[in-house]
Amino acid sequence: MDQEHAVALNGNREVWLTYIRGTIPRSLLAGCSVTLVGLYAGWCVWNKTMTVSNLIPILTWAGMASQQMRFLARTEREINWCTPSLKSLRHALGLQSQFTETAQAEELDDACVEIEFKDLGHCYDHKRNGQTISPVTVLSGLSFKIKPGQKVACIGPSGAGKSTITRLIQRYMDPTKGSILINGHDLRDISLRSWRRIIGYIPQQSKVFEGTLRDNLLYGLSAQQRAVISDEEILRTMSLLRVDFGSRLTHGLYTRVGRNGMKLSGGEAQRIMICAAILKRPKFMIIDEATSSLDAENQAAVQSGIDQLLTHHETSAIIIAHRLSTIKRCDLFVVLKPIDSLSPGESQIEYIGSNLEDVFKNSPIFNRLAELEGVRMSA
Ligand SMILES: Nc1ncnc2c1ncn2[C@@H]1O[C@H](COP(=O)(O)OP(=O)(O)OP(=O)(O)O)[C@@H](O)[C@H]1O
Ligand SMILES: [Mg+2]
């Protein structure tokens with residue numbers, strides 16, 4: 001990942017350097033040249049080597065030439081904006097997959113999903129100057145099951161490894177210890193394409209892509225799903241999640257968003273991503289702090305939309321949250337301890353239970369988080 005980030009950062013730097021070195025001087029040159037032509041022509045008229053009637057077309061032509069030069073500078077800037085993205089894209093397309101799939105990889109169908117974590121543990125390689133210095137354990141001894149249709153909340157302090165669990169479920173990497181079983185099959189033996197087709201992911205940090213609102217909402221859908229989904233269905237889901245941009249949607253679903261379009265706040269981008277994940281109708285939903293950047297009113301609206309849609313589609317889900325108000329309706333609560341508080345071989349799960357009041361009574365970590373939020377579990 002580090003390498004990809006470096007490529008992206010270099011891309012941004014390259015854009016700005018090219019802009020500063022190329023486009024700004026050219027725009028200045030265009031402005032200065034018309035001024036110089038104007039001054040020279042004025043001087044000629046003053047010295048009576050040119051008539052005033054000649055001055056007018058000369059100034060008009062100089063103005064037109066300057067306008068064309070500015071237009072060229074603008075086009076050059078647009079090309080410069082695109083070049084690093086194209087380079088990054090070429091780099092990304094050339095990346096080798098870290099995973100090899102066996103010829104007998106299990107193809108998942110559209111049935112409900114059961115996930116089992118079996119003594120799951122994970123270490124990250126810590127690197128300095130490109131050298132791996134030491135593997136650092138971030139997850140240890142996680143064993144629990146998410147049954148079909150069940151919504152499981154994963155709670156824990158910052159750095160406990162919650163987002164790492166979401167990465168392992170999506171198989172961005174393989175666990176260094178234990179396994180994840182999907183409907184009884186090890187995730188490593190499952191066709192990655194068929195797995196990712198049926199999962200939806202709402203990340204901790206939301207970003208929209210350059211393009212139309214519709215492109216962003218449908219990016220996770222297969223060509224088949226895109227062909228059948230109607231604009232009415234998209235708009236219905238948007239209104240359920242209170243994704244409403246009012247008069248800013250000048251071209252409806254075809255309004256451009258992102259850098260060259262409508263600018264979105266973090267909360268708005270997050271609601272678009274939630275909507276996109278729901279439109280995919282996944283069988284398993286991974287929600288990582290999905291409502292963290294929304295205000296209280298929008299958070300409640302989005303949460304109730306997610307709840308309704310999860311129930312409706314019989315989707316299993318893992319919901320990662322700091323805010324306890326967002327996970328009240330879950331079926332199972334898994335509380336994680338910070339990894340550095342564990343003795344060797346100890347499981348990271350502090351408490352697991354289906355009754356929120358029991359979790360409140362038995363988990364000191366949950367208790368502390370609830371206290372910080374001012375949440376009371378009184379009957
Ligand atoms: N790619 C990585 N390489 C090395 N260490 C990492 C990497 N990603 C995460 N970590 C480390 O792993 C630990 C767990 O990170 P993770 O993001 O899973 O925590 P989290 O529980 O989601 O935290 P938060 O609640 O703040 O989002 C942290 O100490 C983090 O620094
Ligand atoms: Mg996280």
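Reader: Why is T164 called buried, and what is its relative accessible area?

Author: In this predicted model, T164 has a relative accessible area of 6%, and because the word buried is used for anything under 20%, T164 is called buried.

Reader: Where does T164 lie, and which residues does T164 touch?

Author: T164 lies in helix 3, and, leaving aside residues up to four places away in sequence, T164 touches H122, Y124, V138, L139 and M173.

Reader: What makes the pairing of the side chains of T164 and Y124 a polar contact?

Author: The distance between the two side chains is 3.0 Å, and the cut-off for such a pair of N or O atoms is within 3.5 Å, so the pair is counted as a polar contact.

Reader: Which strands does helix 3 lie across, and at what angle to strand 1?

Author: Helix 3 lies across strand 1, strand 2 and strand 4, and runs at about 110 degrees to strand 1.

Reader: In what order do the four strands of that open sheet come, and what is their pairing?

Author: The order is 2-1-4-5, and the pairing is antiparallel. Strand 2 (131-146) and strand 5 (185-186) stand at the edges, each with a single partner strand, so one side of each has no neighbour in the sheet.

Reader: How do you know that strand 1 and strand 4 pair?

Author: Strand 1 (residues 115-128) and strand 4 (residues 177-182) are joined in the antiparallel sense over five bridges, and because pairing requires at least two bridges, the two strands count as paired. As one example from the strands, K118 has S179 in strand 4 as its bridge partner.

Reader: What is the strand order of the open sheet of six strands, and why are strand 6 and strand 12 said to stand at the edges?

Author: The order is 6-9-10-3-11-12, with mixed pairing. Strand 6 (199-202) and strand 12 (349-353) each have a single partner strand, so one side of each is left without a neighbour, and this is why they are placed at the edges. From one strand to the next, the twist averages 15 degrees.

Reader: How many bridges join strand 6 to strand 9, and in which sense do these strands run?

Author: Four bridges join strand 6 to strand 9 (residues 284-288), and the two run parallel; with at least two bridges required, they therefore count as paired. Within this pairing, I199 stands opposite F284 in strand 9.

Reader: Which helices pack on this sheet, and which strands do they touch?

Author: Helix 3 (residues 162-169) packs on the sheet and touches strand 3 (151-155), strand 6, strand 9, strand 10 (316-320) and strand 11 (332-336), with its direction at about 150 degrees to that of strand 9. Helix 8 (residues 266-279) also packs on the sheet, touching strand 6 and strand 9, and its direction makes about 175 degrees with that of strand 6.

Reader: What makes strand 9 mostly covered, and which way do its residues point?

Author: Five of the five residues of strand 9 are buried. F284, I286 and D288 point one way, whereas M285 and I287 point the other way, and all are buried. Strand 9 is also joined to strand 10 by five bridges, in a parallel run, and there the bridge partner of F284 is S316.

Reader: Why is T315 called buried, and where is its place in the chain?

Author: The relative accessible area of T315 is 3%, and because the cut-off is under 20%, T315 is called buried. T315 is found in the loop between helix 9 (296-312) and strand 10. A polar atom of its side chain lies 2.9 Å from the backbone oxygen of P282, and the C-alpha atoms of T315 and I198, although 117 residues apart along the chain, are separated by 9.9 Å.

Reader: How do you know that the span of helix 2 agrees with its number of residues?

Author: Helix 2 (residues 52-94) has 43 residues, which at 1.5 Å a residue should span 63 Å, and because its end C-alpha atoms are 63 Å apart, the two values agree. The buried residues of helix 2 are L55, A62, S66, A73, N80 and P84.

Terms used. Residues numbered from 1 in each chain as written. Chains lettered and ligands numbered in written order. Predicted model: local features only at pLDDT ≥ 70, side-chain atom pairs only at ≥ 80, totals over all residues. Heavy atoms only, no water. Axes fitted to C-alpha atoms, helices over the stretch in contact; angles between N-to-C directions. Contact = heavy atoms within 4.5 Å. Expected span 1.5 Å × (residues − 1). Buried < 20%, exposed > 50% of the residue type's maximum accessible area, 1.4 Å probe, protein only. Polar contact = N/O pair within 3.5 Å; in protein donor to acceptor, adjacent residues only side chain to side chain.
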